[in-house]
Amino acid sequence: MTHRFNALEINDAPTAAKPAAPASRGEQIKDAQFFLDAANTHFYRLEWEPALKSYSQAASIDAGSAQAWLGQIFCLVNLQEYREAELWYGKAIDIVGEGADLLAVRAILAARCADFERACGFSDSSLESAGTSALPFIARGEIFLYARRNAEYCFEQACSCQPQDWRPRVLIAESCLFNGKDAAVMLGMKFVQSMLATQGQQAELHLALGRLCLALGRNAEAHQALEEASVLAPDMTSVAQYLAQSRARRGFFARLFGAKK
Amino acid sequence: MICPQCGLPNLDQAKRCLRCNALLNSQSAAAAAPADLTPPRATSRRRWQKLLMAWKRRQGFVWPSYPRPDTPGDNDASSFRETLAFRAAVAILCGFFLPSWRQFHLGRRARGRAFLYAAVLAFVALVITLGTPHWRLCLWLLATVQSWSMIDALQRPGAPLGETLRICLLSFFLFFAAGLADRMLVHSAIAAAGWEIIPAYYQHGDLRAGMLVRVVPQDHYQPGDLVAARFGAYYDARFGSYYDRVIATGSHHVAIKDAHVYIDGHTAEQQPLNHEWRGMNWQPFTMQDNEVLVYASWLQINADWGDPYPDQLAATRPNLPPERVRGKVIVRWPLWHRQAMP
């Protein structure tokens, strides 16, 4: 269908990139949604650089895609490039406006920079227009972890927004792991394990569980979860480094000094 | 409105194209859309910044309180409790007597433990060094921990610069106030125990500066006993009493010449406390039966000074009547010099 428009002279916006035309019939059109899907896959597999690249490609095709901008900023936050994330957030709100999810990721960024006052402000703003998105509640929960308040309630609210979706659980695990305290890690494990009971074939959940177990020093459980993740998703590159970590902790001295429980 | 990207006619009030989701206001889209949509990347690792952020995250924060609805008298009570004066009073009182209490109350357990351990360490060091010249150092160390804990309890995240500066100024005052208060408490405890502090010029022999001693009145004294004696008249108002060794008791013929004491023509077995004393020469004299021979060896009266005044002479005469000997000196602190009470 698209070949009918190839000969037309349409005065397109000069900065918007054109999606690449399929080389042959049946090949998937690499439009913004294609790159977004690829980016999301990489993102939840903790492959930040490929995810950032895909989100950038999606944003180049469709500059108005809030999800692409959100993904770019979130990838920069997870890569701990906070200043760049802040800059890119400023650009994002100029183009796509301030949405609940963008405000939530900005709140997460402020919390990870230990700028808690701003984090509270952004979190309040994101919750005012939260809608059905889980991210504002996850951001609030992460801030509550630092304030030693009831983060569990916020995470439960996030999960209740999309009860069958495993993605919020992965983000919750990521927040808990970044906090680093044993209580937070165990809280994250609780949410991941409850989802694994119904979606045991999701490799990302097994990866999250493996990382949580590694953080708690439960080496055997971590190894088992990571092995399961690598079996379910053999193309997942991020699991290899965690498997290597779990193997390195098998030595006597590693167990003696490294294992917490 | 025609979509500039795909050409689809859209409603006038639509912001985005229904088909390709492009922004319909082509001017703003062209102006706002950056040329490059790849975000900038960090050129350095900023390791120290990240360490600082990690440390701040570990400290956590107190969730900001929001103003409550107006209730009668509620604003006045809550606003007073929030004032720096009230918080300062609580922090100072708690911080002085138990340096970490306010930290625990605020939920900062790690900090509370740190201050508590430091205070206990400083207090134990003070107790151990009491009676030595170093006890003042430990006292000021304890004052440092106390004042630091008070100031830490006063601070709150996000406070304006003026408040932070006032707290800094307060910290200097609190440090000296805590030190002086601790010193008063130590002196009060020493006085309550009935102890005395050996003056600073005692740097020799069995009694050293700073030692805590107890003076116990006795009926009889033996040569070699350390005693506290009062000066006579002239020196009483200036120095009070002095501490030295009993050289002899009872009726003896005494001569003091060239820093030697001679009892009945022989060199005395006991000598004054100060091994380097250079006392004035005394003409030979005979002691009474009840007199005690105690030479104030710290009083370095040089023979070159000339003859002392008559009242000085009387005040420092070495043969003391019993009423001028206050009692036997028993060392109580430091612990390694402690003597048993008679």
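How many helices and how many strands are there in chain A? In this predicted model, chain A holds 14 helices and zero strands. Followed along the sequence, the chain reads α-α-α-α-α-α-α-α-α-α-α-α-α-α. Of its 261 residues, 47% are buried. Among the contacts in chain A with a separation of 6 or more, 50% join residues that lie 24 or more positions apart.

A good place to start the tour is helix α5 of chain A, which covers residues 100-112. With 13 residues at 1.5 Å a residue, α5(A) should span 18 Å, and this agrees with its end C-alpha atoms, which are 18 Å apart. Is this helix enclosed by the rest of the structure or left open? Twelve of the 13 residues of α5(A) are buried, so the helix is largely enclosed by the rest of the structure. The buried set runs through Asp101(A), Leu102(A), Leu103(A), Ala104(A), Val105(A), Arg106(A), Ala107(A), Ile108(A), Leu109(A), Ala110(A), Ala111(A) and Arg112(A). These buried residues pack against α3 (66-78), α4 (82-96), α6 (116-128), α7 (135-147) and α9 (167-179) of chain A. After α5(A) comes Ala114(A), whose phi is positive, near 65 degrees.

Two helix pairs of chain A show how its elements pack. Two packed helices are described by the angle between their axes and the distance between the axes. In the pair formed by helix α2 (residues 48-61) of chain A and α3(A), the axes are 8 Å apart and the angle is about 155 degrees. An angle over 145 degrees counts as roughly antiparallel, and α2(A) and α3(A) are therefore roughly antiparallel to each other. The crossing of α2(A) past α3(A) is left-handed. On the α2(A) side the contact involves Trp48(A), Ala51(A), Leu52(A), Tyr55(A), Ser56(A), Ala58(A) and Ala59(A), which meet Ala68(A), Trp69(A), Gly71(A), Gln72(A), Cys75(A) and Asn78(A) in α3(A). By type, the residues of this contact comprise nine nonpolar, four polar and no charged.

The second pair brings together helix α11 (residues 203-216) and helix α12 (residues 219-232) of chain A, whose axes come within 8 Å and cross at roughly 160 degrees. That angle makes α11(A) roughly antiparallel to α12(A). Here too the handedness can be given: α11(A) passes α12(A) in a left-handed crossing. From α11(A), the contact draws on Ala203(A), His206(A), Leu207(A), Leu209(A), Gly210(A), Cys213(A) and Leu214(A), while α12(A) supplies Glu221(A), Ala222(A), Ala225(A), Leu226(A), Glu228(A), Ala229(A) and Leu232(A). Sorted by type, the residues of the contact of α11(A) with α12(A) are ten nonpolar, two polar and two charged.

Chain B offers another helix to look at, α7 (residues 135-154). Its 20 residues, at 1.5 Å a residue, should span 28 Å, and the end C-alpha atoms of α7(B) are 29 Å apart, which agrees. This helix is mostly covered, with 15 of its 20 residues buried.

A single residue of chain B rounds off the picture. Where does Leu18(B) lie? Leu18(B) sits in the segment before α1 (26-32) of chain B. With 13 other C-beta atoms within 10 Å, Leu18(B) is partly exposed. Apart from its neighbours within four places in sequence, Leu18(B) is in contact with Leu8(B) and Asn10(B). Cys3(B) is 15 residues away from Leu18(B) along the chain, and their C-alpha atoms are separated by 8.9 Å.

Methods:
Residues are numbered from 1 along each chain as its sequence is written. Chains are lettered from A and ligands numbered from 1 in the order in which they are written. This is a predicted model: local features need pLDDT of at least 70, side-chain atom pairs count only at pLDDT 80 or more; totals for chains, interfaces and linings use all residues. Axes are lines fitted to C-alpha atoms, for helices over the stretch in contact, and angles run from 0 to 180 degrees between N-to-C directions. Helices (H or I, at least four residues) and strands (E, at least two) are DSSP runs, numbered from the N terminus. Angles under 35 degrees count as roughly parallel, over 145 as roughly antiparallel, 65 to 115 as roughly perpendicular and the rest as oblique. A crossing is left-handed if the near helix is turned anticlockwise from the far one by less than a right angle, and right-handed if clockwise. Two residues are in contact if their C-beta atoms, placed from the backbone, lie within 7 Å. Ala, Val, Leu, Ile, Met, Phe, Trp, Tyr, Cys and Pro count as nonpolar, Asp, Glu, Lys and Arg as charged, and the others, Gly among them, as polar. The expected span of a helix is 1.5 Å times one less than its number of residues.
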